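Good morning, colleagues. I would like to take a few minutes to go through one structure with you, beginning with its ligand site and then turning to some local features of the chain.

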Amino acid sequence: MSRPYVLLSAAVSIDGFLDTRPGEDRLMLSNPEDFDRVDSVRASVDAILVGAGTLRTDNPRLLVNSEERRAARVAAGRPEYPLKVTITGSGDLDPNWKFWHHGGGKLVLAVGQEAGRKARAALGDLAEIVVVPTEHTWPVALDVLGGSHGIHRLMVEGGGTIHTQLLEQALADELHLVIAPLLVGQSDAVRMLGPAHYLGGPTARLRLLETRQIGDVVLLRYAPKDISTEPR
Ligand SMILES: NC(=O)c1ccc[n+]([C@@H]2O[C@H](COP(=O)([O-])OP(=O)(O)OC[C@H]3O[C@@H](n4cnc5c(N)ncnc54)[C@H](OP(=O)(O)O)[C@@H]3O)[C@@H](O)[C@H]2O)c1
């Protein structure tokens, strides 16, 4: 089966956090210029994926905000908005979240039958629900996206649980990491990446594709599968 090209995207503080501690107000890490860059990446993909944890915490819309970019998609014969995808193991999804009520198609990857049953009961026809297995969840989920849903390019916008799994399982093709000039300084804040056995272990060096200053933040683009033990 053909899996999509998987692009992970995140903004972190200098000390590696995605957000402050759970329960506090959402931390704005990036700047308007970089949000516009993220919008352009969204406009380039077929689907955007976030975990149910991010929906619960941030209640995002996840749209392509630029009218010109949406018009260009339509002119190119693509849907106005990318498909919006989330993954849940609990099935605890709130039908009032903005995610369901803006943009184009929505798809829930429900891990296990019980999650699928709960998601269907909660959402009705707000989203398509696809049940994926509790074993080999991510390879199967990517096969579903690339196969029956025709997704060639997938942008993953977090949170940390998902980024960690996709990097650990060597399923990410590209990582866009924005470093914001903030120091969170809370040991219980939300980390970008959890402990995991990453491809090649701690001595493996990811290939750096690009660095770009965007106002007061820096974008680092990496190819996570292209590793070496030597500096290059
Ligand atoms: N700075 C940034 O760029 C950025 C971007 C996105 C998010 N964030 C922050 O990240 C935080 C949320 O991150 P998070 O790690 O808590 O949540 P997350 O990665 O968004 O979602 C985790 C949830 O996804 C589901 N899930 C993921 N993998 C699964 C698997 N293999 N099997 C079954 N279910 C799976 C589970 O949902 P259920 O709980 O429903 O089972 C799990 O609790 C928030 O603070 C948010 O603000 C920051």
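Let me begin with helix α2, which contributes six residues to the shell around the ligand, the most of any element. Please keep in mind that this is a predicted model. Helix α2 spans residues 52-58, and it is joined in the shell by β1 (5-13), β2 (17-19), β4 (83-88) and α6 (160-168), each of which supplies at least two residues.

Which residues come nearest to the ligand? Of the 26 residues around the ligand, they are T54, R56, T88, S90 and T161. As to the chemical character of the shell, 12 of its residues are polar, 10 are nonpolar and four are charged.

I turn now to individual atoms. T54 places a polar side-chain atom 2.6 Å from an oxygen atom of the ligand. The backbone takes part as well: a backbone N or O atom of G53 lies 3.1 Å from a ligand oxygen, and a polar backbone atom of G160 is 3.4 Å from an oxygen atom of the ligand. How much of the ligand does the protein bury? Taken alone, the ligand exposes 930 Å², and the protein buries 79% of that. The ligand sits in the largest pocket.

Next, the backbone. G158 and G159 are joined by a cis peptide bond, with omega at about 0°. G159 belongs to the loop between β7 (153-156) and α6, and α6 is also one of the elements that supply the shell around the ligand.

A second backbone feature concerns H136, a residue other than glycine whose phi is positive, near 50°. Where is H136 found? It is in the loop between β6 (128-132) and α5 (137-146).

Finally, I would draw your attention to R221, in strand β11, which covers residues 217-228. The side chain of R221 makes a polar contact with the side chain of E210, at 2.8 Å. Leaving aside neighbours within four places in sequence, R221 is in contact with E174, L175 and H176, and also with R207, L208, L209 and E210.

That concludes my presentation. Thank you for your attention.

Terms used: Residues numbered from 1 in each chain as written. Predicted model: local features only at pLDDT ≥ 70, side-chain atom pairs only at ≥ 80, totals over all residues. Heavy atoms only, no water. Near = heavy atom within 4 Å. Polar contact = N/O pair within 3.5 Å; in protein donor to acceptor, adjacent residues only side chain to side chain. Areas by Shrake-Rupley, 256 points an atom, 1.4 Å probe, with all protein chains shown as cover. 1 Å grid on protein atoms, 1.4 Å probe; cavity = no way out; pocket = protein on both sides within 12 Å on 5 of 7 lines; lining within 4 Å. Sits in = over half its atoms within 2 Å of the grid points. Helix = DSSP H or I, 4+ residues; strand = E, 2+ residues; numbered from the N terminus. Nonpolar A, V, L, I, M, F, W, Y, C, P; charged D, E, K, R; others polar. Contact = heavy atoms within 4.5 Å.
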